[in-house]
Amino acid sequence: MTAGEHLTFESLEQRAIDVSADFVVVGSGAGGAAAAVTLARAGHSVAIVEAGPWRAPQDYPVTAYGTMRDLFPDWGGMVTQSRALWPVVQASCVGGTTVINSAIVVRTPGDCFERWQREYGVGEDLRDRVWAHQDRIERELSATEVPPDARGLLNTLAKDAADALGWDSHYMVRYVKDCEGAGQCLQGCKRGRKQSTNITYVPEVLERGGTVLSSAPVDQILFSGTRALGVTGRLRDPVTRKQGARFSVHARRGVLLAASATQTPVLLARSGVRGPALGTRFCAHPGTGVFGVYDDPVDQNIGATQGWASMAFRDEPGLKLETLAIPPEMVAGRLPGGGRELVKRFHEYRHLAMWVTAVRAESHGTVKPGLFGGTVVRYGLDEADMRKLREGLGKVTRMHFAAGAREVISGIYGLPYKIGPDEIRLVDEGPLDPRAYVAILSHLFGGCPMSSDPRRGVVDGHGLVHGTSGLYVVDASAIPTTIGVNPQHTIMGLASVWAEDLAS
């Protein structure tokens with residue numbers, strides 16, 4: 001192997017950068033890194049262009065504040081524009097959201113491929129190929145079940161509760177090598193146990209002679225007619241966010257976009273790509289949680305951040321239940337009140353356990369360029385999906401009481417601060433107004449949906465952007481539906497299949 005080159009912001013006086021490669025990959029998260037390493041292994045020269053900085057595990061922040069500052073775009077300030085302003089959770093750094101997620105491994109359900117074929121005319125030959133690549137990825141990224149000594153009470157209590165209620169559930173399989181249960185997944189694993197792409201596939205691309213540009217947001221795709229020739233943009237100081245030197249990366253064989261479901265559609269639109277489906281069919285798994293209050297300490301940040309899940313309700317009504325340990329300052333942000341009252345409530349921190357529901361939502365939104373830069377995400381849940389969310393909260397509330405919680409903190413506006421086991425109906429009958437819930441959007445899909453029909457999709461079943469040549473989308477924005485499971489494994493499998501086709 002021949003060592004490649006990492007180029008990044010150096011100073012405001014830095015000279016322009018001009019790079020050429022067989023393939024240019026925009027984005028270094030699940031889709032971008034999986035595609036890039038597939039191409040590099042096939043002997044092609046690859047340039048990865050990443051908007052965010054490259055952070056080594058030892059430099060990850062400890063606090064949620066530092067995470068927002070160092071690993072999120074614009075301090076994590078993107079929210080949906082709808083009745084409820086729900087945060088959109090994604091990272092901006094080498095490795096993308098694989099740095100700050102829980103590395104959860106779930107094989108793409110077979111019914112997803114069937115639905116894509118039935119409704120969008122794509123995916124007929126994808127299932128077995130995606131599954132084969134997922135087999136390989138699981139081996140390479142050390143996919144293992146959370147070990148007993150890393151589970152912590154947060155996760156074991158959840159498993160016991162599900163067993164008591166007769167619900168099928170499991171300890172999660174994650175891309176983690178020898179998990180220590182440090183409870184730092186959301187801030188980045190400082191111990192380097194989580195196999196995020198910044199410590200696995202991206203370094204391998206460099207070892208194989210590739211080029212990585214970090215702190216390098218792309219502002220335009222370069223074209224000759226309808227053929228994509230490369231990308232251009234300006235380097236950005238990772239601290240001050242000031243623009244630096246211009247860079248251009250030229251592609252001899254193809255440009256692959258993996259900038260995320262919120263950024264890839266916007267980059268295409270700003271580069272002059274048009275089509276009725278561009279920016280449409282944005283969808284997600286909106287999630288929210290309930291705190292259980294226990295007599296004995298739970299210490300939710302000891303053990304895996306997320307180590308237990310149930311997919312018993314994936315098909316009907318369309319839910320996934322999970323554990324989620326959030327950092328102390330985020331716990332404080334979810335507790336109502338201020339001053340002495342908030343401090344008093346926070347005294348129970350060690351006795352709290354959060355379990356969440358993620359909705360397999362059928363609601364759709366749009367992703368469009370903003371008037372003054374950035375991205376505008378318009379998305380809200382319809383009544384049917386709000387009923388699913390409310391039902392999911394009822395289920396995790398029942399789990400807490402089955403596990404021995406004395407009370408729960410629902411976080412639902414209009415309900416008492418705490419409710420007891422004889423008041424579960426208050427959650428079951430809670431409001432259907434999304435503004436009453438503290439929710440987030442994760443597991444993002446769409447914006448560049450795939451379809452054999454250019455009127456309904458942006459890319460075809462091979463990731464090629466309709467009406468262009470040499471331009472491909474290899475991230476979650478190409479997935480036209482929610483899938484009801486954590487999407488990283490699906491994104492990596494699809495990107496590997498499409499890159500494999502290009503490599504031949």
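1. A103 sits in the loop that joins α2 (64-71) to α3 (110-120). This is a predicted model, and in it the phi angle of A103 is near 60°, a positive value for a residue that is not glycine. Its relative accessibility is 3%, so A103 counts as buried, the cut-off for that class being under 20%.

2. C93 belongs to the loop between α2 and α3 as well. C93 is buried, with a relative accessible area of 2%. Leaving out residues up to four places away in sequence, C93 touches S28, E50, G52, P53, L71 and V99. The C-alpha atoms of C93 and S215 are separated by 7.9 Å, although these positions lie 122 residues apart in the count along the chain.

3. A positive phi is also found at S260, where the angle is near 110° and the residue is again other than glycine. S260 is placed in the loop between β10 (243-257) and α7 (264-270). With a relative accessibility of 15%, S260 falls under the 20% limit and therefore counts as buried. Anyone checking backbone geometry may want to view A103, with phi near 60°, together with S260, with phi near 110°.

4. The loop between β12 (308-310) and β13 (319-323) holds D315. Is D315 buried or exposed? At 59% relative accessibility, D315 counts as exposed, since the limit for that class is over 50%. Apart from neighbours within four places in sequence, D315 is in contact with D111 and R360. The C-alpha atoms of D315 and A503 are 36 Å apart, with a separation of 188 residues along the chain.

5. P317 is found in the loop between β12 and β13 too. The peptide bond leading from E316 to P317 is cis, and its omega is near 10°.

6. H285 is part of strand β11, which covers residues 283-293. Its relative accessibility of 3% is why H285 counts as buried. What does H285 touch, not counting residues up to four places away in sequence? The contacts of H285 are A358, V359, R360, I440, S442, H443, F445, T482, I483, G484 and V485. R360 is thus named among the contacts of H285 and is also in contact with D315.

7. For the fold as a whole, the chain has 12 helices and 19 strands. The radius of gyration of the chain is 22 Å, close to the 23 Å given by the globule rule for 504 residues, so the chain is as compact as a globular protein of that length. The C-alpha trace spans about 65 × 45 × 45 Å along its principal axes.

8. Burial and contacts can be given for the chain in total. Of the 504 residues, 60% count as buried. Among contacts in the chain with a separation of 6 or more, 75% come from residues 24 or more positions apart. The area exposed by the chain is about 19300 Å², and carbon and sulfur atoms supply 51% of that area.

9. How many cavities of 30 Å³ or more does the count give? The count comes to 3 cavities of 30 Å³ or more. The largest cavity contains about 110 Å³ of space. Its lining is made up of 16 residues, and those nearest the centre of the largest cavity are C179, G181, A182, C185 and C189. By class, the lining of the largest cavity consists of 6 nonpolar, 5 polar and 5 charged residues.

10. The second largest pocket holds about 190 Å³ of space. There are 13 residues lining the second largest pocket, and P336, G411, I412, Y413 and L415 are the closest to its centre. The lining of the second largest pocket divides into 9 nonpolar residues, 3 polar residues and 1 charged residue.

Methods: Residues are numbered from 1 along each chain as its sequence is written. This is a predicted model: local features need pLDDT of at least 70, side-chain atom pairs count only at pLDDT 80 or more; totals for chains, interfaces and linings use all residues. Side-chain values use heavy atoms; hydrogens and water are left out. On a 1 Å grid over the protein atoms alone, a cavity is a set of points where a 1.4 Å probe fits but cannot get out, and a pocket is an open set with protein on both sides within 12 Å along at least five of seven lines; lining residues have an atom within 4 Å of a point. Grid points are joined across faces, edges and corners, and a volume is the space filled by probe spheres set on the points. Ala, Val, Leu, Ile, Met, Phe, Trp, Tyr, Cys and Pro count as nonpolar, Asp, Glu, Lys and Arg as charged, and the others, Gly among them, as polar. Helices (H or I, at least four residues) and strands (E, at least two) are DSSP runs, numbered from the N terminus. The radius of gyration is taken over C-alpha atoms; the globule rule is 2.2 Å times the number of residues to the power 0.38. Buried means under 20% relative accessible area, exposed over 50%, partly exposed in between (1.4 Å probe, protein chains only). Contact means heavy atoms within 4.5 Å. Accessible areas come from the Shrake-Rupley method with a 1.4 Å probe; for residues, only the protein chains shown count as cover.
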